[in-house]
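Colleague: Got a minute to walk me through this one? I'd like to start with one helix and then look around.

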Amino acid sequence: MADNTERIEFALRQEIERTRGYVNPRKFLSVYDLDVQTRESILTKVSMSKNVVSASGMLRYLKVDKELLAQLVRLMDLDQDMVDLSSLFDANGPELERLGIQNSQEVRSILEKYVRLTPTAITTKVRSSEIIEAMNNAGVDEDVDHFSQSNEDKHEEVKGPIEETTSLTMDEAIMDCLTNDYKSIEKILKESMSKYNNPIHPASIVKLMDNTECVVRKMPDGYRIVNITRDDLIVLLKEAGMKIGFNQSAIAVIFNAVNKDCFEKDVRSQDELNQLITKILPELTNNISSRVDLSNPLIYDGSVERKIHFVTDNDKTKQTTKRFAKLDEADYPVIRKKLIDLMSSYEPMSFSVIRSRLILEYSPQEMRDELESMYADGLVFKKNDNTYRLHPTFSKEDIQGILSRFSSCIISVSRIYAETFIDLKKVGIVSPSELKEVMVLCDNARTIDERYNLISFDDRDPVDFIMECYEKEADKGAFAARMLREYGIPNEIIYSTVKENKGDVLFGVTSSDRKGLVDLRPSFQDKELYSKDEFMSKLSKLRPDLDMMRINSHDLSLLGFKESDGLVFPQSYSNADEYLKSLLKELDRFNVEGALIGNSKIESTLRKERREFHWLKYDENKYISIRTIERITSDSQPINEDTISDYIKKIHVVVGDELFTTKNLRLRGLTDLDILGFEDKFIEYLLETTEVRNQELKGENGESVRLFAFNKKPTLGDLIIQIVQPEGLMDLSDIKDELFRRYGIFVPESSIIRSVRKTTLKYEDSIEKVYVSKEDMRRYANDSGYN
């Protein structure tokens, strides 16, 4: 049992490394027969592994080493008692994302690789002493500014799987088990695991089999390998010598016409021939209604002539023509030319970054309007998170050709992308969201469900398609999983369609339990938004007889809810993004409380809203909408997004490259937003959302004070240089007084000395003075008679 547990643990580690994206570990382990204790033990071990980080119960691969920790700690102020990871991410989001860190929970996960963190009332806060302990355990110098990239060669990159592997790869071990006789998945699994000596997920076998050209399947018999080449198959088809449409009746004609030759090539049935043609010669399946001349030599080099016809009275075609009809570059306005030049690397770029680069030339609204115009003209891709990417060059024919393999089916955009991503990347389409935008270029495809991005090819009816597949399915229990795996149709749609048309209940709790769930709806009507743990805890108290691990999305829908990104919200919304955006449009103020504090989806949504100045943070976990601010200031001095943007520009003009705090801004007369009546923290939170960089220091009574700079990472040492340089030489006590008087920063003299020693300034212990150069010190010595 111990050996098997280790193999399963290793399989989960490999899945995490292979995907390089978030993996739901509980879902992955659900196919194994594990008791709760064993499952939780595996989850704990894997989540604490060196190159695995966790967030909201999901696991992701990230190379965690001494260098990453050093770069992470550089962004923290360890002179404070506590480091707020949420504020750290707000202040240094772009730099953390460059390091591959996606949210504050992952920062905590990285630290836990090196030290056991003490639980705190606010999960986003970590004790500075424990961070220093993590640095010591990892061998990172406390003075992390001296940690050099040159040290990388001391830490050899771990290549390959997270753990030790065997001589055969997983795919090789699976393929090595196949023969020309059918073998069940169970038998392939057993044999391949003996060769690979590590657990293999059944889904990995199905995926490999379905993507390997010379493998055919016959359920429930399993899979076998057919010793046939592309040239062999072309000969068979050529001997059919007729013009046919590619459908089941055509396969029967071909198979009967060359029956003897089929068996000589080890093709034993019409279904096998159909599978082989679909896999090896996908160009013949570009359109189920088309007729292909098998004697045409064009097909033999893998290219079929494709004719694209525009239907002038088709609304979608008109929209498509307009969407991708690019203007003459000579007619572009200046702002468009600058945006194109800014995005010329073809890398995704957030609006906040674009805004920061052109903020001194154009207002945010001008930039937003032009980007939307570029999107309408087909010059840029646009993502839900306000990210834009310049369009690569491709044609309608390119898209039609790549998608020609799909016909008469219902399939999600993500599945289409998974099956065609190699070809799509060749024309510059690098994500499912980008593919969704260009689907309008495919004449035989239309979107039938915006929530799940489901596409119907050749006007296939979704209910007919699902029920046709269901009737043919031998293993009804695995039907929903197969439809999700092969077509990307979510379980919710499969459950409801099968139940409404057949009356069968596929998964989840029993029918009698479900009736009980419906009766619990009133108990959840006191609020709309829950964390997943909070919701399940409440449900378990109401129904202690239910196994919470078996509650699925359909069961949640009976309670009137849906789950996504660790949040449970009303089922009328398609995802957490849609719900949170709707919620924020309705509210004047939003307080993040209880179990919702630290949720990565709420954090990222509010971060985006704050960057656009739609919502402003005015206290810890408390936010106010710009609509509300505009309303309450309408009678005096109206404040809106443009006012906020102008205020940031004004700060930049006044302070230039100097370091500053909110108290320093007040001394400089920058009090434009004082009318709102918020404390200085409000300005700090506002500056956090811009490209202005900051570091947290201590103020009066131990309260935090943020030090800001526009063009560099601010440090206490740089601020001391800014204070001392005009004077040439200053007493240590005077520096301490100036830090508090002008900037509101209170630090002990020991911290000042430590910071000075990291700079070009000089410190003389015997007289407790800091000086800029030896000349300044020599001049002081001469004037005072000091030797």
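**A helix and its surroundings**

Modeller: Sure. Glycine 139 follows helix H7, and its phi is positive, near 85 degrees. Keep in mind that this is a predicted model.

Colleague: Which residues of helix H7 are buried?

Modeller: H7 covers residues 128-138. Its buried residues are Ser128, Glu130, Ile131, Ala134, Met135 and Ala138.

Colleague: Why do they line one face of the helix?

Modeller: Look down the axis of H7. The buried residues fall within an arc of 160 degrees, so they line one face of the helix.

Colleague: And which residues are exposed on the other side of H7?

Modeller: Ser129 and Asn136 are exposed there.

Colleague: What do the buried residues of H7 pack against?

Modeller: Two helices and two strands. The helices are H4 (66-74) and H6 (104-111). The strands are E3 (82-84) and E4 (125-127).

Colleague: Let's hop to H6. Where is serine 104 found?

Modeller: Serine 104 sits in helix H6.

Colleague: Is serine 104 buried or exposed?

Modeller: Buried. Its relative accessibility is 3%, and buried means under 20%.

Colleague: What is serine 104 in contact with, leaving aside neighbours within four places in sequence?

Modeller: Serine 104 contacts Leu85, Ser86, Phe89, Thr124 and Glu603.

Colleague: New topic. Where is asparagine 180?

Modeller: Asparagine 180 is in a loop. That loop lies between helix H8 (170-175) and helix H9 (185-196).

Colleague: Why does asparagine 180 count as partly exposed?

Modeller: Because its relative accessibility is 34%. Partly exposed runs between the 20% limit for buried and the 50% limit for exposed.

Colleague: What does asparagine 180 touch, not counting residues up to four places away in sequence?

Modeller: Asparagine 180 touches Arg224, Ile225, Asp266 and Arg268. Take arginine 224. Along the chain, arginine 224 and asparagine 180 are 44 residues apart. Their C-alpha atoms are separated by 5.3 Å.

Colleague: Now zoom out. How many helices and strands are in the protein?

Modeller: The protein has 37 helices and 25 strands. It has 787 residues, and buried residues make up 49% of them.

Colleague: And the contacts across the protein?

Modeller: Take the contacts with a separation of 6 or more. Residues 24 or more positions apart account for 61% of those.

Colleague: Last one. What does the accessible surface of the protein come to?

Modeller: About 38200 Å². Carbon and sulfur atoms account for 47% of that surface.

How values were computed: Residues are numbered from 1 along each chain as its sequence is written. This is a predicted model: local features need pLDDT of at least 70, side-chain atom pairs count only at pLDDT 80 or more; totals for chains, interfaces and linings use all residues. Side-chain values use heavy atoms; hydrogens and water are left out. Buried means under 20% relative accessible area, exposed over 50%, partly exposed in between (1.4 Å probe, protein chains only). Helices (H or I, at least four residues) and strands (E, at least two) are DSSP runs, numbered from the N terminus. The arc is that of the directions from the helix axis to the C-beta atoms. Contact means heavy atoms within 4.5 Å. Accessible areas come from the Shrake-Rupley method with a 1.4 Å probe; for residues, only the protein chains shown count as cover.
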